[in-house]
Amino acid sequence: MTTTSTQTPRPAHLGHGLRVRHLTMMGLGSAIGAGLFLGTGAGIATAGPAILISYCIAGIVVVLVMRMLGEMGSAIPASGSFSHYARIGIGPWAGFVMGWLYWALLIMVIGAEITGASAIMHSWLPAVPQWVIALVIVGFFAAVNLARVANFGEFEFWFALIKVAVIIGFLILGVLLIFGLMPGTDPVGLTNVLGHDGFLPNGIAGIAAGLLIVAFAFGGIEIVTIAAAESRDPERSIGIAVRSVIWRISVFYIGSVAVMVFLLPWNSESLAQSPFVSVLSLANIPGVAGFMEFVVVVALLSAYNAQIYATSRMAYSLSSRGDGPRILTRLSANDVPIYGVSLSVFFSLVSVVLIWWLPDTLLGILLNAVGASLLVIWIFIAVSQLRLRPRLEREGKLPLRMWAFPYLTWFTLVLLGGLIMLMLTDTTAREQLISTAALCLILTALAFLNERRQGRNRDEPAANAVRS
């Protein structure tokens, strides 16, 4: 077994301008995206009111994974986060695979976010080509990410705050509608939850299919532990941010879906197309469709901004360990990894070209390419925590602890294994799983080649010293 010191790297030169409120809002903002505002309708249409069970199961997995990340992150803050923990807990190959898999995942999502946001904005400005709008988005956020990290954090804070405020307003309005407290409304009771073929209209299979849809909606929350390395007090900041993000995400997601299934029939066409607009329309609020379009654009742009940040920091961390080109460790005068950001911006520009070439099909291609990568990352996080916990206890470095260790960690792995089995029963999910497995095999081969290269580089100076 390869043993690596847990003292490795907290980046010595990256900025330290992020605060707890930045970290908390970044975690919330990254997870509250188009998946919640638009994707929940597809889940409800698949499972009916029982989608609540699917969301609860997925929420439990995410809460447990975040607690594990919080334990490791508060003990060992690092810009590589879970990639670094996999490296020191499992081995150098695991850190390489996990880091570049996450980087590739976010690069694909970056393309999807730009495509989605520019498509909506193009509907507002039909005279402006979609690819031109996308180019302006890329240029603006390149400037944001090349500025000081404190400026990035402040920008992301206000973006995320808009989304959080909308969700809170939606929950308050939804409760008033459920109990008939809005003018001209009556209490809805359990009509929509138990009617229309019951709570389980599509049986257990519906819950399973719904789980495949919603499990990946929580992706993005892990950026908290990446950003913590650039906070002023990372050990304390990450603990506060993780605790806060865990319960807020659970309330926002499960609460929003509960409001939807109480107020509208699960098989309503309007719910499947635009769930938030459908619910808000019951309150007879004028201009609600246009407002929600604006919120979705904010959600997409916020996620894109955060993903440029996360990919550039992951590339910086990997390269600083010798798992990537050294040029990606270069910092600007603002203590920002300038070439790491530039690489993410380059792939954003590739997405702009593809939008021009494939304007109607690009979004689906990119979302399918993401595949099951997030699932693999969660498994690596759990295994890393299992391996690192005893070492961290011996070193007395546990400001935040995973609950009921190791039982809940093993329980998480069982749930993730069950999710893999579900994916194997679904044709589209199975294809994504196979594609992700192939990518992991390629990255593993590259990891071992990289280890051999690094070994030769270490041996050459020693051999030269002996000869001299």
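This passage describes a buried helix, a nonpolar surface patch and the cysteines of a predicted model.

Helix α5, which spans residues 82-89, is largely enclosed by the rest of the structure, because 8 of its 8 residues are buried. The buried residues are Phe82, Ser83, His84, Tyr85, Ala86, Arg87, Ile88 and Gly89, and they pack against five named helices, namely α4 (51-75), α6 (92-124), α11 (223-227), α15 (288-320) and α18 (373-394). Just after α5, the backbone at Gly91 takes a positive phi of about 160 degrees.

On the surface, Trp131, Leu135, Leu349, Val353, Trp356 and Trp357 together make a nonpolar patch of about 670 Å². The elements that contribute two or more residues to this patch are α7 (130-146) and α16 (338-357), and of the contributing elements α16 gives the most, with 4 residues. Because an α-helix has 3.6 residues a turn, residues three or four places apart point the same way. Trp131, one of the patch residues, lies in helix α7, and its relative accessibility of 37% falls between the limits of 20% and 50%, so that Trp131 counts as partly exposed.

As for the cysteines, the count of disulfides in the model comes to 0 when a pair of cysteine sulfur atoms must lie within 2.5 Å. Cys56 has a relative accessibility of 33% and therefore counts as partly exposed, whereas Cys440, at 12%, counts as buried because this value is under 20%.

Key: Residues are numbered from 1 along each chain as its sequence is written. This is a predicted model: local features need pLDDT of at least 70, side-chain atom pairs count only at pLDDT 80 or more; totals for chains, interfaces and linings use all residues. Side-chain values use heavy atoms; hydrogens and water are left out. Patches are made of residues with over 30% relative accessible area and no salt bridge: like charges are joined within 9 Å, nonpolar side chains (Val, Leu, Ile, Met, Phe, Trp, Tyr) within 5 Å. Accessible areas come from the Shrake-Rupley method with a 1.4 Å probe; for residues, only the protein chains shown count as cover. A salt bridge is a side-chain nitrogen of Lys or Arg within 4 Å of a carboxyl oxygen of Asp or Glu. Buried means under 20% relative accessible area, exposed over 50%, partly exposed in between (1.4 Å probe, protein chains only). Contact means heavy atoms within 4.5 Å.
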